[in-house]
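Here is a walk through one model, written for someone who has not met it before. Have the sequence and the 3D view open as you read.

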Amino acid sequence: MTYQVVANDGSVMDAHLDIEGSEFVFHSRGGTRDKGTATNLDYGPAMRLLFGRLVDYGLSISGAWLETSRTVHLPRAERQMFGSDDRGTDPADWFTLITSRAQVFGRRQGAKPGGSRVKRVRIAVSGLGEGTDLVGVLGVRKTERRRLAGSRSTLDLDAIPAHEVWMAVQQMAASSGATPPSTRAFDLVTEDGRRLDPASVLNFAVHQTRGEELGEDVLGEFSENEIARRLAAFGHVLVPQGQAVSTDVLPVTAEDRERCEGEPKRVTHLRRERAAGLAKAKKSAFVREHGRLFCERCELDPIERFGGEVGEACIEVHHRRTFVSGMLNGHLTVLEDLQCLCANCHRIVHAELRFASS
């Protein structure tokens with residue numbers, strides 16, 4: 001349930017939160033004033049006001065965690081902004097402590113200072129007695145779900161590029177720790193068997209595409225089936241939540257079996273080239289850069305040669321920089337490692353690799 005903060009004088013503040021038992025999720029500030037997309041402009045004053053009200057009731061906070069699309073899939077311990085070591089902190093410093101840590105979270109070593117301090121955070125309240133209503137303590141009121149910039153009125157799932165979704169999956173899968181339990185209907189299963197929340201993947205991709213932190217309340221307007229269908233259309237593996245699945249893409253053709261017999265590294269090579277979503281992601285990024293698909297070896301233009309978009313089926317994806325001998329289990333594929341080749345050139349390149357390794 002979404003609520004809006006009410007000031008001490010009874011006026012409604014531009015600050016929203018969700019309440020879940022003894023925890024509340026404070027929405028991020030985002031958008032821009034000149035485009036009319038600014039949201040939660042009273043982020044700072046409203047959060048300080050809520051902390052003051054908790055203190056007035058003799059309550060405290062026991063934890064705070066970053067809850068953005070880039071972090072929600074991480075275990076809480078890896079995105080904690082306030083923990084047991086901070087419980088003796090003066091309540092007047094809670095806001096500064098949490099937001100300053102949120103600002104530097106994930107910043108690379110040596111990166112320039114900066115970044116948003118007004119991010120989406122989850123806060124746990126301690127000391128609530130039986131029957132104590134957190135809604136009444138915080139002094140908030142129910143509000144209708146708002147249409148933000150990027151909600152169903154302006155967010156087109158079909159416009160999210162395949163390569164942005166691929167990058168989101170790769171970055172989320174590379175994060176350490178296990179994926180938290182979820183009640184979602186589907187899992188997105190990665191090449192190494194990791195399970196990701198489809199909504200978080202899509203939200204991450206939207207963030208990269210639009211540069212805005214949309215939050216779960218925006219993608220929540222789309223059904224889980226809609227999100228799953230969109231990700232499946234990009235070639236990713238979607239299964240009912242918790243269902244077992246084998247993510248190995250085994251060679252199936254006679255030529256595959258012949259080239260891979262007794263050579264597990266070649267099997268790894270083929271599996272990586274056929275990884276879920278990889279081909280569509282590379283082709284999407286290639287078209288964005290060059291305006292069309294063509295073979296990078298012989299420069300064949302499939303539409304010009306065969307006519308119609310169906311001709312693009314002859315363009316395949318090949319590992320350009322990582323050869324068979326280097327296809328180790330720990331290698332993380334990036335789109336720059338890949339090359340778009342026509343089927344003939346791809347076949348020749350693999351023959352050259354076999355000859356070079358024999």
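Let's start with helix α10, residues 278-290. Helices here are DSSP runs of H or I with at least four residues, strands are runs of E with at least two, and both are numbered from the N terminus. How far apart should the ends of α10 be at 1.5 Å a residue? The expected span is 1.5 Å times one less than the number of residues, so the 13 residues of α10 should cover 18 Å, and the end C-alpha atoms are indeed 18 Å apart. The buried residues of α10 are L278, A281, K282, S284, A285 and F286. Buried means under 20% relative accessible area, exposed means over 50%, and partly exposed is in between, using a 1.4 Å probe and protein chains only. Just after the helix, G291 takes a positive phi of about 85 degrees.

A word on the ground rules: this is a predicted model, where local features need pLDDT of at least 70 and side-chain atom pairs count only at pLDDT 80 or more, while totals for chains, interfaces and linings use all residues. Residues are numbered from 1 along each chain as its sequence is written, and side-chain values use heavy atoms, with hydrogens and water left out.

**The seven-stranded sheet**

Now for the strands. Two of them pair if DSSP finds at least two bridges between them. Seven strands make an open sheet in the order β5-β4-β6-β3-β2-β1-β7, with antiparallel pairing. At the edges stand β5 (80-82) and β7 (140-142), each with a single partner strand, so one side of each has no neighbour in the sheet. From one strand to the next, the twist averages 35 degrees. Angles like these run from 0 to 180 degrees between N-to-C directions, with axes fitted as lines to C-alpha atoms, for helices over the stretch in contact.

Here are some of the antiparallel pairings in this sheet:

| Strand pair | Bridges | A bridge partner pair |
|---|---|---|
| β1 (residues 2-6) and β2 | four | Y3 and L17 |
| β2 (residues 12-20) and β3 | four | D18 and V25 |
| β3 and β6 (residues 121-126) | four | E23 and A124 |
| β4 and β6 | six | S60 and S126 |

Strand β3 (residues 23-26) deserves a second look. In a regular strand the side chains alternate between the two faces of the sheet. In β3, E23 and V25 point one way and F24 and F26 the other, and all are buried. V25 also stands opposite R122 in β6. The hairpin of β2 and β3 has two residues between the strands, and in it G21 takes a positive phi near 65 degrees.

Is β6 largely enclosed or left open? Five of its six residues are buried, so β6 is largely enclosed by the rest of the structure.

**The cores**

A nonpolar core is a set of buried Ala, Val, Leu, Ile, Met, Phe, Trp, Tyr and Cys residues joined through side-chain atoms within 4.5 Å. The largest one has 35 residues, and those with the most contacts inside it are V5, L17, F24, F26 and F51. Helix α1 (residues 43-56) supplies the largest share of this core, seven residues. Which residues does F51 touch? Leaving aside residues up to four places away in sequence, F51 touches F24, I61, W94, F95, I98 and I123, where contact means heavy atoms within 4.5 Å. Apart from this core lies another, of 21 residues, among them I160, A162, F186 and A228.

**The three-stranded sheet**

There is also an open sheet of three strands, in the order β9-β8-β10, with antiparallel pairing. Its edge strands are β9 (195-196) and β10 (237-240), and each pairs on one side only. Two bridges join β8 (residues 186-189) to β9, and V189 has R195 as its bridge partner there. Helix α7 (residues 224-233) lies across β8 and β10, running at about 20 degrees to β8.

**The cysteines**

How many disulfides does a search of the whole structure find? Zero, a disulfide being a pair of cysteine sulfur atoms within 2.5 Å. The sulfur of C295 is 3.6 Å from the closest cysteine sulfur, in C298, which is too far for a bond. C295 is buried, with a relative accessible area of 0%. C345 is in no disulfide either, with the nearest cysteine sulfur, that of C342, 3.6 Å away. C345 is buried too, at a relative accessible area of 7%.
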